[in-house]
Amino acid sequence: MQKLAKTMFPMYSELIFKVALRGETLLASPRWNKGTAFTREERNAFGLTGRLPSRVNTIEEQCERAYDQLRSRESPIQKNSFLQSLKEQNWVLYYSLLSRHLKELTSIIYTPTEAEAIANYSHLFRRSEGLFLSFLDQDSMERDFLEQTRGKDIELIVCTDAEAILGIGDQGVGLFQISSAKSAIYTLLAGINPAKALSVTLDVGTDNDTLLNDDLYVGWPSKRIRGVEYDKFIDKFVQLIRKHQPHCLLHFEDFGVTNAQRLLELYRNEHSVFNDDIQGTGAVTLAALMAAIGVTKSKLADQRYVIFGAGSAGLGIAKQIRDAIILTDGMSREEANKNFYLVDRFGLIKQSLGPNKIRLALQEFVRPDEEWSNVPTNDTGEIELLEVVRKVRPTVLVGCSTKGGAFTEIVVRTMKEGCERPIIFPLSNPSNLVEVDPKDANDWTGGMALLATGSPFPPAKMPNGKDYVIAECNNALIYPGLGFGSMLSQSRRMTDGMIIAGARRLAALSPALKDPDSGLLPDFQDAPAANLEVAIAVAEQAFDEGIQGVSWIRKQVRTKAEEKQWKPVYGRYEYDEQGAK
């Protein structure tokens, strides 16, 4: 098991920033504002003496005050609103506060609280941030893009077309909140400079009738654009990025199931493109799986996989594991595909379902009908999960169906009959949609199951009375590191090899490799250190594949990564008319 280094913020007081802003303009800049932490010398130099109370505070004192204010808000959505306001005022204070209360506050700025903020975006709207590119205004797209990015070294663009956030679906421009939150997580957990990140909403309309009938909806009130017009709009955006920000990472977020995989495949060989719903979910699940087979002393190729839920996440998980089998165990693609059984709302994905029920992206995993000729079906001729488990005797069962309770006691007990240590990952979010409570899965397998979930759960009791830690398959344990590794190396693409290298590094940090009763993945409190290790592995893999775009050499990766990370610490400012704004 590889050890995680404890990350501490270095003292940045020796850093000097040349800043061209003064007075009220400086206080209004979240990038440069220090609030009451401006020193007396800075207050004199920047015309702030009469604009601030007399006392100079440290960042620790500011965080204490902000945390007290946060705690006075009663509901999670009120806390979310407070933190959003703080982010709009002072980046250093915002990220410093989050870092000090990482596990508590990540759930406020990200899932699950962010879903409520997204659903109420138009009614909570106060101030615009990021970039909104509307189909209605596509003729001015390049001008609008350059207004936001001209003269800036953008390293990360997180974009969404707002069609499919898990659990609440199409939320129109409200999904800007998820782009913004994902970008914040990159900064919080991987140290991406927020001044070099841009959140983008691609407003192509919405099919959410509630929003269309809401007079306060702030997006384009039109039915969602699809087909050729949609593709041209997306392509125009991607080509602008390739033209003006050729070295940045383009992160696709919450695109619909008909577009997510298709767009990823279309652009991944042209630019460094990443889809967290597909690749991030697949990568963190692969890391947990690698840790699990480290416990069972087996190989990826030895497993039989049943994936319950064949949407973007389920398919992404299947492909990520399949690709890892090919790279690590030397199996052919065709043979590796045979290890997978995908089940969706039409039951097992098999030939006789026909093209109307099997989308093109699933074709590699379609099972031949002759395998199942003697297997019982339901009234509509579909083969349900229990019958698949009875026949396949899977060693790995993954749920991403949002069908709460689908892994019933008989399903889990039947799986246990076929293997000694069943690997069960009920990943659906939120927790009320999880396929099985991990406590029940633990009980039904006599404490033998290796478990990971998509939401946080308390430990389960083992038969000997010990606690078994339930790993949380949280994408934030890996996607910031995957992205940072690509940005650090300026790789021309985000390859499967880079993602697998990141997953392998995260798996090596598994506490379960030292104690089988510990979690399969690091605790979320260790996410910053884990993502740094992931980033280093990803960048090293980019060098191994010869697709890096930097002039320094591979053995410098760790040093360069540590140097590049942005930390929420104040530096010293000097006024300069030619300085930063």
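**Notebook: cavities, cores and strands**

I started with the second largest cavity, which is lined by Asn 80, Leu 83, Gln 84, Lys 87, Tyr 94, Ile 109, Glu 114, Gln 177, Ser 180, Ala 181 and Ala 184. A note on what I am looking at: this is a predicted model, where local features need pLDDT of at least 70 and side-chain atom pairs count only at pLDDT 80 or more, while totals for chains, interfaces and linings use all residues. Residues are numbered from 1 along each chain as its sequence is written, and side-chain values use heavy atoms, with hydrogens and water left out.

**Entry 1: the cavities**

I wrote down the terms before going on. On a 1 Å grid over the protein atoms alone, a cavity is a set of points where a 1.4 Å probe fits but cannot get out; a pocket is an open set with protein on both sides within 12 Å along at least five of seven lines; and lining residues have an atom within 4 Å of a point. Grid points are joined across faces, edges and corners, and a volume is the space filled by probe spheres set on the points.

I found two cavities of 30 Å³ or more in the structure. The largest has about 190 Å³ of space. It is lined by 14 residues, and Gln 84, Leu 124, Phe 125, Arg 126 and Gln 177 are the closest to its centre. The second largest cavity has a volume of about 100 Å³.

Which elements supply at least two residues each to the lining of the second largest cavity? I got α4 and α10. For the largest cavity the list reads α4, α8 (121-124) and α10, with α4 giving the largest share, five residues. Helices (H or I, at least four residues) and strands (E, at least two) are DSSP runs here, numbered from the N terminus.

I also sorted the linings by class. Ala, Val, Leu, Ile, Met, Phe, Trp, Tyr, Cys and Pro count as nonpolar, Asp, Glu, Lys and Arg as charged, and the others, Gly among them, as polar. The largest cavity has six nonpolar, four polar and four charged lining residues; the second largest has five nonpolar, four polar and two charged.

**Entry 2: a pocket**

Next I looked up the second largest pocket, which holds about 1,300 Å³ of space. I counted 49 lining residues, with Arg 31, Trp 91, Pro 194, Ala 195 and Lys 196 nearest its centre. Two or more residues of this lining come from each of α4 (76-89), α5 (91-100), α10 (176-190), β4 (197-203) and α23 (557-564). Helix α10 gives the largest share, five residues. By class, I noted 23 nonpolar, 13 polar and 13 charged residues.

**Entry 3: the cores**

Leu 83 lines the second largest cavity, and I met Leu 83 again in the largest nonpolar core. That core has 149 residues, and Leu 83, Leu 342 and Leu 506 have the most contacts inside it. Its largest share, 11 residues, comes from helix α14 (residues 276-296). A nonpolar core is a set of buried Ala, Val, Leu, Ile, Met, Phe, Trp, Tyr and Cys residues joined through side-chain atoms within 4.5 Å. Buried means under 20% relative accessible area, exposed over 50%, and partly exposed in between (1.4 Å probe, protein chains only).

What does Leu 83 touch, leaving aside its neighbours within four places in sequence? I listed Leu 70, Tyr 94, Leu 97, Leu 98, Ile 108 and Ile 109 as its contacts (heavy atoms within 4.5 Å).

A second, separate core has 32 residues, including Ile 157, Cys 159, Val 200 and Phe 252.

**Entry 4: strands**

Phe 252 led me to strand β5 (residues 249-252), which is covered on both faces: Leu 249 and His 251 are buried on one side, Leu 250 and Phe 252 on the other. Strands pair if DSSP finds at least two bridges between them. Strand β3 (residues 156-160) pairs with β5 in the parallel sense over four bridges, and Leu 156 has Leu 249 as its bridge partner. Strand β6 (residues 273-275) runs parallel to β5, joined by three bridges, with Asn 275 opposite Phe 252.

I then turned to an open sheet of seven strands with mixed pairing, in the order β9-β8-β7-β10-β11-β12-β15. Its edge strands, β9 (347-348) and β15 (471-472), each pair on one side only.
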